[in-house]
Amino acid sequence: MVLAELGQKIGQAISRMSAKSVLGEDDVKELLNEIARALLQADVNINIVKKLQVSIKTELALAEEGAGLNKRKILQNAVFSGLKRILDPGVKPFMPVKGKQNVVMFVGLQGSGKTTSCTKYAAYFQRKGFKTALVCADTFRAGAYDQLRQNATKAKVRFYGSLTEADPVTIAKEGVAELKKEKYDLIIVDTSGRHKQESALFEEMKQVEVAVKPNDIVFVMSATDGQAVEEQARNFKEMVAVGSVIVTKLDCQTKGGGALSAVAATHSPIVFIGTGEHFDDFDLFQPERFVQKMLGMGDIGGLMDTMRDANIEGNEELYKRLQDGQFTMRDMYEHLQNVLKMGSVGKIMEMLPGMSGLAGTAGQQGDIALKGFIHMLDSMTAAELDEAKVKKMMTPSRMHRIARGSGHSVIEVQNLILSYTKFEEIVKKMGKMNFKAMTQDPTGLASGRMGQQQMGQLAKLLNPNMLRQLGGMGGLQGMMKQMQQGMGGGPGGGMPGGMPDMSAMANMMQMMQGQQRGGRR
């Protein structure tokens with residue numbers, strides 16, 4: 001993704017500057033120029049780049065007045081704050097309320113991914129427990145009715161449309177009225193894609209707004225359009241009350257920075273970003289978390305939210321087994337199923353500090369390997385899955401049978417056994433670690449008071465390269481703090497007593513070590 005490349009370039013510039021013992025005026029100028037070049041290459045508007053340079057320079061000047069502050073932290077915070085301001089208009093986005101009837105109207109350019117985004121939006125809130133429905137008010141584009149109906153069928157969402165009525169205003173009005181009678185929480189109206197020159201379509205869009213009286217109007221823009229979308233965004237904003245923005249196709253190697261900076265022209269908040277073709281490739285947009293991931297700082301809070309959405313944090317029996325250092329093939333199978341529920345491996349890696357640069361090709365390879373492991377585990381007997389001494393039980397004849405049954409080679413089955421053995425070693429080490437202090441004093445983890453012995457033991461689970469990538473012991477402690485906060489540590493959140501989820505931690509450690517082994521081949 002072009003934005004990941006942008007984050008890497010900015011991160012490298014910060015690292016070079018923080019290595020210098022004294023930061024002079026020329027050094028600050030060099031840093032600002034490097035950041036400006038990176039942003040311009042990502043197609044960010046030049047006026048926004050200039051404003052960002054000024055804000056970073058001002059923040060650096062103010063921060064350097066404080067004695068004893070970490071230089072790298074100062075630089076990182078200044079860049080982080082500046083980028084966040086670009087993406088955050090300071091307006092709270094509309095969010096549907098369960099139990100009330102919410103009408104949301106979608107508008108956008110032709111080819112922006114509006115119709116697909118309607119379905120993703122409906123599916124997202126349906127997973128949250130909303131009763132959702134889609135209305136096709138696009139009578140201009142051939143195939144719009146069929147596309148939205150097919151999408152709705154796949155997502156198991158209620159669909160309303162008409163093949164005989166030609167007036168989109170009538171369809172929208174009657175559809176919303178009927179769905180309100182059926183007590184739907186969220187009614188999404190898809191309208192025709194349009195351009196500035198199509199005055200009739202713009203007038204039609206205004207009439208649909210008057211007819212359905214939406215709670216929110218979502219403008220859908222494509223990241224592939226770059227800065228060219230800015231003028232169009234202004235035109236839509238002038239014609240209807242655009243309240244939210246969705247940016248699609250951010251997974252493409254294109255002009256993502258231009259589209260994101262164009263959002264500033266609408267003064268409306270981004271609510272979601274589209275990162276792929278599947279219905280679950282749709283992420284709630286939070287400026288702080290987005291910039292964190294872009295700069296390689298990770299998003300542990302987002303990772304924990306993903307785990308909660310996947311409903312994988314409540315398995316107390318598995319948690320206890322891991323804490324006791326017990327791990328069978330069946331446990332591995334359950335772990336891998338849990339990881340699949342969370343989405344792609346690349347998406348998970350983006351949320352881990354220091355891992356976002358490896359999330360592209362490595363993430364795709366990880367997805368393939370993960371599914372292959374599950375196929376092989378599906379071909380095992382109950383006795384094989386529950387056996388404590390896996391290496392002893394896995395005779396050549398058994399491995400040949402598993403390979404034939406799963407459609408894989410014997411070498412791939414051997415790789416599965418090797419991966420299991422490595423993961424088992426990590427789980428056993430973690431089972432021996434003393435987490436009593438963390439359970440008795442959950443605030444100690446978040447405040448950095450985790451025992452040196454425990455932190456040292458945890459650090460040994462990572463190889464030296466990974467530890468350096470996380471920023472040494474300080475970075476590891478920061479990650480643990482993020483993890484505790486993400487789990488809602490403390491009263492009323494996370495695991496009982498604020499204890500971190502060992503299942504989540506083991507997953508993270510395994511992915512980190514596995515990735516580092518792959519990088520040294």
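Strands here are DSSP runs of E with at least two residues, numbered from the N terminus. Keep that in mind, and remember that you're looking at a predicted model.

**Stop 1: the whole chain**

Start with everything switched on. You have 26 helices and 8 strands in front of you. Of the 521 residues, 51% count as buried. Now think about who touches whom: among contacts between residues at least 6 apart in sequence, 73% join residues at least 24 apart. If you turn on a surface, the accessible area comes to about 23,900 Å², and carbon and sulfur atoms hold 51% of that.

**Stop 2: Phe219**

Next, select residues 216-222. That's strand 5, and Phe219 sits in it. Is Phe219 buried or exposed? Its relative accessibility is 1%, so Phe219 counts as buried, because the cut-off for buried is under 20%.

Now show what surrounds Phe219. Leaving out residues up to four places away in sequence, Phe219 touches nine you can click through: Val107, Gly108, Val229, Ala233, Phe236, Val242, Ser244, Val245 and Ile246.

While you're here, pull up a distance tool. Pick the C-alpha atoms of Phe219 and Ile270: they are 51 residues apart along the chain, and the separation is 9.3 Å.

**Stop 3: strand 7 and its partners**

Ile270 takes us to strand 7, so select residues 270-274. All 5 of its 5 residues are buried.

Add residues 244-248, which form strand 6: strands 6 and 7 pair in the parallel sense over 3 bridges. Which residue of strand 7 is the bridge partner of Val245? Click on Ile270 to find it. Val245 is also one of the residues that Phe219 touches.

Then add residues 282-284, which form strand 8. Strand 8 pairs with strand 7 in the antiparallel sense, again over 3 bridges. Look for Ile273, which stands opposite Asp283 of strand 8.

As you click along, here's a general pattern to look for: in a regular strand, side chains alternate between the two faces of the sheet.

**Stop 4: the largest cavity**

Finally, look for empty space inside. There are 3 cavities of 30 Å³ or more, and the largest holds about 100 Å³. To find the largest cavity, select Val44, Leu83, Ile86, Leu87 and Leu260, which are the closest to its centre among the 12 lining residues.

Colour in helix 1 (2-18), helix 4 (71-87), helix 10 (256-266) and helix 11 (287-294): these are the elements that give two or more residues to the lining. What kinds of residues make up that lining? There are 10 nonpolar and 2 polar residues, with no charged ones.

Note on methods: Residues are numbered from 1 along each chain as its sequence is written. This is a predicted model: local features need pLDDT of at least 70, side-chain atom pairs count only at pLDDT 80 or more; totals for chains, interfaces and linings use all residues. Side-chain values use heavy atoms; hydrogens and water are left out. Helices (H or I, at least four residues) and strands (E, at least two) are DSSP runs, numbered from the N terminus. Buried means under 20% relative accessible area, exposed over 50%, partly exposed in between (1.4 Å probe, protein chains only). Contact means heavy atoms within 4.5 Å. Accessible areas come from the Shrake-Rupley method with a 1.4 Å probe; for residues, only the protein chains shown count as cover. Two strands pair if DSSP finds at least two bridges between them. On a 1 Å grid over the protein atoms alone, a cavity is a set of points where a 1.4 Å probe fits but cannot get out, and a pocket is an open set with protein on both sides within 12 Å along at least five of seven lines; lining residues have an atom within 4 Å of a point. Grid points are joined across faces, edges and corners, and a volume is the space filled by probe spheres set on the points. Ala, Val, Leu, Ile, Met, Phe, Trp, Tyr, Cys and Pro count as nonpolar, Asp, Glu, Lys and Arg as charged, and the others, Gly among them, as polar.
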